[in-house]
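Here are my notes on the model, set out as numbered points for discussion. Please read them with the sequence and the coordinates open.

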Amino acid sequence: MELSDAVAVKSSRLKSVVWNDFDRVKKGDTFVAICRHCKKKLSGSSTSGTSHLRNHLIRCQRRSSHGISQYLTPREKKKEATLALANVTMDQDQKMVEPLTILNYKFEQGQLKDELLTVAKGNMDQRRSQLDLARMIILHGYPLSMVEHSGFKLFLKNLQPLFELVTFDKVEADCKEIYVKERQKVYEVLDKLPGKISLTVDLWTAADVGEYLCLSGHYVDESWQLKKKVLNFIMMDPSHTEDMYSEDIMNCVKEWDIDRKLFSMTVDSYSTTDNMVFRIRDQLSQNRFLYCNGQLFEIRCAVNLVNLMARDALDALLDITNKIRESIRPSRWDTTYCMLETTLEYRRAFSLLREQDPAFMVSLSDLEWERAATVSSHLKLFLDVINVFTKSKYPTANIYFSEVCDIHLQLIEWRNNPDEFMSNVAAKMKGKFDEYWDKCSLPLAVAAMLDPRFKMKLIEYYYPQLFGNGSAEFVDEVFGYIKTLYSEHSIGSPLASLDQGLAYQVGVGGSSDALSISARDRFIKFDKFLHETSQSQCSKSDLDKYFEEPLFPLTADFNILNWWHVHTPSYPILAMVARNVLGVPMSKVSPEHAFSNGGRVLEHQDWSLQQPDTVQALMCCQDWIRNDVERRDY
């Protein structure tokens, strides 16, 4: 329409805010609205309303996006959601940035089906967006190289043209920056812990690269919640011996400054780790950092033990299972158990198939069927035990004792099998179990005693079955250990006692480090003597009161940490013992790897090809930020 002779119309009746962005002109009997930004002509008749004008302003490319919300009707504002986003800047003060209001518009009359997200307040923060991108890569294990993929670049450019694309080197540097800041947070958490820290050690393999050592810390926090943090993920030098592994671990521990806070260390149930654990325990014991002279320090992974025994049972049936696998092909040992169970259930059908189908390959003798049934019963027990260990809602140390004792009793029974072949299989399994029992029976029993539903009763029930007439001696030994633990907690750690009292006891103002080990021993024993003799003869300790109180009723969903949280005022010293003992990881295997004998594998192919310091930053950070992100409500 030619508007050269059109006349501008101004009227006090034009109340809508849209007219701030349109000129209304008249040519003849026709009214036209002209956009001041793109000069597009639309109907300006009073009968046309203003909805089409507002829609145009929302999508007008030449118009600034700020202030669009004023063109929405009250109904539209109510209909369309307004999402306020607030994030945290990455500076050290962690100040809250100004909220960004995102308006989600849907166009009327099917003009546009796509949604338009317009930032109505605030500007895009390039640095924060870069760090968010790095966090996303860490959290989901994405390859760092994705930032240089053409498809990803195109997506970002269309999503936010103002965002400056980053390079591989830049996003790697951002990941390391996040690692440094998150590491400091973890350091402060560990430094302020009210209790001790227990470690787990795992070896990971990376294809064509080598092995990594993963060191994790487990503890019960101030809210009595069981927590785990990956502390280190370091590449192992293939030339290192087992002795060097112990030095690598101690270096990590000292970097975190937690050598004085350690309570236990859980490793695989292999004898090859003996020297490594011994060296670490010896070094910590020399500095008086461990309770009970380190007797409770070494823990062998219970799930790993069960897997090893299950493998022994299956190896004995290798010929039989190979025959069955001609028809059924499982993978992990738990699926092999399911295969055996199914085969035994349809034993008669297999026999009929053999008679009617000459090509059918499964041909087992009666003795082989009986041995398969015996091994299947062994595997059933192992399967049930591992499910208890890995699927428990509250995987604290107290849940292990009864399950391990049941295995012990069954191994004794299996050892007496009249079939020499099966008796030898049981003997092989029991050899592994006895090694585990020698190292872990005391921690298992102490943890069971701290369960208010059982206290001494589980020990009094199982030990006579295991040890017969000599059981009383073993019961007394366990009770003696918990008394020692209680006594050492009641006077504080040896180091705390030394720091707080030795200076005035000795009469010197110098550092306690100048004292000899023998002097430390004398005054630690004297401190203990003072504590024991200063108590009134009629007063009862937490330990005495705890065992005199009736058992807590058995419940289906019992949270032992919550129980101790509630009862800390009643048993303040024993609660310290419970916090440290119940936080010990008696198993270090995750549910998804419960039935595998193999070690963990670094599955992020892109990550495994990075420099070792980058791999550590990515793996540790992924663990640290995962829980924080999952707790947020998006």
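1. In this predicted model, strand 8 and strand 9 are joined as a hairpin with three residues between the strands, and D208 there adopts a positive phi near 65 degrees. The pairing of strand 8 (residues 197-206) with strand 9 is antiparallel and extends over nine bridges, and within it L199 stands opposite G217 of strand 9.

2. On the other pairing of strand 9, the partner is strand 10 (residues 226-235), again in the antiparallel sense and over nine bridges; here S216 is the residue that stands opposite V230 of strand 10. These two strands also form a hairpin, with five residues between them, and W224 in the turn has a positive phi of about 60 degrees.

3. How enclosed is strand 9 by the rest of the structure? Nine of its 11 residues are buried, so strand 9 is largely enclosed by the rest of the structure. One residue worth following in strand 9 (residues 210-220) is C214, which is buried, with a relative accessible area of 5%. Not counting residues up to four places away in sequence, C214 touches T200, V201, D202 and W204, as well as V230, N232 and F233. C214 can also be set against R600, which is 386 residues away in sequence, while the C-alpha to C-alpha distance is 9.9 Å.

4. Towards the N terminus, an open sheet of four strands follows the order 1-2-3-4 with antiparallel pairing. Strand 1 (7-8) and strand 4 (41-43) stand at the edges, each with a single partner strand, so one side of each has no neighbour in the sheet. Strand 1 pairs with strand 2 (residues 22-27) over two bridges, and K26 of strand 2 is the bridge partner of V7.

5. Further into that sheet, strand 2 and strand 3 run antiparallel and are joined by six bridges, with V25 and V32 of strand 3 as bridge partners. Two residues lie between the strands in this hairpin, where G28 takes a positive phi near 65 degrees. Strand 3 then pairs with strand 4 in the antiparallel sense over three bridges, and V32 has S43 of strand 4 as its bridge partner. The hairpin of strand 3 and strand 4 has five residues between the strands, and K39 is the residue with a positive phi near 65 degrees. Helix 1 (residues 51-59) lies across strand 2, strand 3 (30-35) and strand 4, and runs at about 150 degrees to strand 4.

6. For the chain as a whole, the model contains 23 helices and 13 strands, and 45% of the 634 residues are buried. Of the contacts between residues at least 6 apart in sequence, 64% join residues at least 24 apart. The accessible surface comes to about 33300 Å², and carbon and sulfur atoms account for 51% of it.

7. Which residues have the most contacts inside the largest nonpolar core? They are L379, F382, F401 and W564, in a core of 90 residues, to which helix 14 (residues 420-449) gives the largest share, 15 residues. Apart from this core lies another, of 63 residues, and L139, I249, M250 and F289 are among them. Leaving aside neighbours within four places in sequence, F382 is in contact with V306, M309, A310, W333, I407, W414 and M429. As general background, nonpolar side chains in soluble globular proteins tend to be buried together.

8. Confidence deserves a separate reading. The mean pLDDT of the chain is 80, and 76% of the residues reach 70 or more. Confidence is highest in helix 20 (residues 560-567), at a mean of 97, and lowest in helix 17 (residues 494-506), at 34. Over residues 76-122 the pLDDT is below 50, although this stretch has 81 contacts in the model beyond near neighbours in sequence. Residues 493-517 likewise stay under 50, and the model has 26 contacts for them beyond four places in sequence. Where pLDDT is low, the predicted coordinates should not be read in detail.

How values were computed
Residues numbered from 1 in each chain as written. Heavy atoms only, no water. Pairing = 2+ DSSP bridges. Contact = heavy atoms within 4.5 Å. Axes fitted to C-alpha atoms, helices over the stretch in contact; angles between N-to-C directions. Buried < 20%, exposed > 50% of the residue type's maximum accessible area, 1.4 Å probe, protein only. Areas by Shrake-Rupley, 256 points an atom, 1.4 Å probe, with all protein chains shown as cover. Core = buried A, V, L, I, M, F, W, Y, C linked by side-chain atoms within 4.5 Å. pLDDT = per-residue confidence, 0-100.
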